[in-house]
Amino acid sequence: MEEVFNDGIYECIVVATTVEKYKVTSKVTVILQIRDDISATELKNTNKVYAGYRLKLEYWQRKASRTFNISNFQYLCYACGLPEGVEINGINGLNDWLIGRQIRVMQHAEYSDYFGMRVNNIAPWKVYPTKYPNAELMKKYRTSLGLETS
């Protein structure tokens, strides 16, 4: 199991997305790396302590309708600065666009009945634009994967 982090705000960078399919549902996971390039005192209990660690932002498909709640993805797209009207072709297109984008998330550790222990949790609506944009950091991640840096 993962380490349980302090509750609070974390400045992160999107490093990957994954899709997992199950018998009755699916899940999209956005992997976030906690940024280590920030020295803000407001993040002394979050980014300074857990720099380089990873968090997961999970989006579950509704079982009954087999659709995702698109408004949850809209919070993520807004936080990452996706301009209105840009067409994204499926999860691969979303992944390619998200990699290297910087966001601010509110993480809360809570007890999970399923796992029988405390786990990290980020609600999809607790995702915000970064307060510390770093174009060089985004370029580094995107070029390392052969993606355009625009």
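Start by selecting Gln102, which sits in strand β4, a run covering residues 102–112. Keep in mind as you click around that this is a predicted model. Is Gln102 buried or exposed? Switch on the surface and check: Gln102 has a relative accessible area of 8%, and that makes it buried because the cut-off for buried is under 20%.

Now show the side chain of Gln102 and look for its polar partners. Which backbone oxygen does this side chain reach? It belongs to Asn134, at 2.6 Å. There's also a side-chain partner: Gln102 and Arg35 are joined by a polar contact of 3.3 Å. To see who else is around, select the residues that Gln102 touches beyond four places away in sequence; among them are Cys12, Ile13, Ala79, Tyr132 and Leu137.

**Next stop: the charged residues**

Side chains of opposite charge can pair when their charged atoms come close. How many salt bridges does a search of the whole structure find? The count is six, and we'll visit some of them.

Select Glu11 and Arg104. They form a salt bridge, with their closest N and O atoms 2.5 Å apart. Glu11 belongs to strand β1 (residues 8–21) and Arg104 to strand β4, so this pair links distant parts of the chain, 93 residues apart. Both ends are hidden away: Glu11 is buried at 0% relative accessible area, and Arg104 is buried too, at 5%.

Stay on Arg104 and add Glu42 to your selection. Here is another salt bridge, with 2.7 Å between the closest N and O atoms. Where does Glu42 lie? You'll find Glu42 in the loop between β2 (26–34) and α1 (47–50), while Arg104 is in strand β4, so the bridge ties together parts that are 62 residues apart in sequence. Glu42 is partly exposed, with a relative accessible area of 46%.

Go back to Arg35, the residue you met beside Gln102. Arg35 forms a salt bridge with Asp37, and the closest N and O atoms are 3.0 Å apart. Buried or partly exposed: which word fits each partner? Arg35 is buried, at 3% relative accessibility, whereas Asp37 is partly exposed, at 33%.

Now colour Glu11, Arg35, Asp37, Glu42 and Arg104 together. Salt bridges that share partners join these residues into one network.

**Zoom out: the sheet**

Switch to cartoon view and select the strands. Five of them form an open sheet with antiparallel pairing, in the order β3-β2-β1-β4-β5. Why do β3 (54–60) and β5 (117–129) each have one side without a neighbour in the sheet? They stand at the edges with a single partner strand each, so nothing in the sheet lies beside that other side. Rotate the view and look at the twist: neighbouring strands are turned by 40 degrees against each other on average, ignoring direction.

For a detail, select β1 and β2, which pair in the antiparallel sense over nine bridges. Within that pairing, find Lys21, which stands opposite Ser26 in β2.

**Last stop: two helices**

Select helix α2, residues 70–80. Helix α2 packs on the sheet and touches β1, β2, β3, β4 and β5. The direction of α2 makes about 65 degrees with that of β5. Then pick helix α4, residues 135–144, which lies across β1, β2 and β4. Line up α4 with β1 and you'll see the helix running at about 20 degrees to that strand.

Notes
Residues are numbered from 1 along each chain as its sequence is written. This is a predicted model: local features need pLDDT of at least 70, side-chain atom pairs count only at pLDDT 80 or more; totals for chains, interfaces and linings use all residues. Side-chain values use heavy atoms; hydrogens and water are left out. Helices (H or I, at least four residues) and strands (E, at least two) are DSSP runs, numbered from the N terminus. Buried means under 20% relative accessible area, exposed over 50%, partly exposed in between (1.4 Å probe, protein chains only). A polar contact is a pair of N or O atoms within 3.5 Å; within protein, one must be able to donate a hydrogen and the other to accept it, and residues adjacent in sequence count only if both atoms are side-chain atoms. Contact means heavy atoms within 4.5 Å. A salt bridge is a side-chain nitrogen of Lys or Arg within 4 Å of a carboxyl oxygen of Asp or Glu. Two strands pair if DSSP finds at least two bridges between them. Axes are lines fitted to C-alpha atoms, for helices over the stretch in contact, and angles run from 0 to 180 degrees between N-to-C directions.
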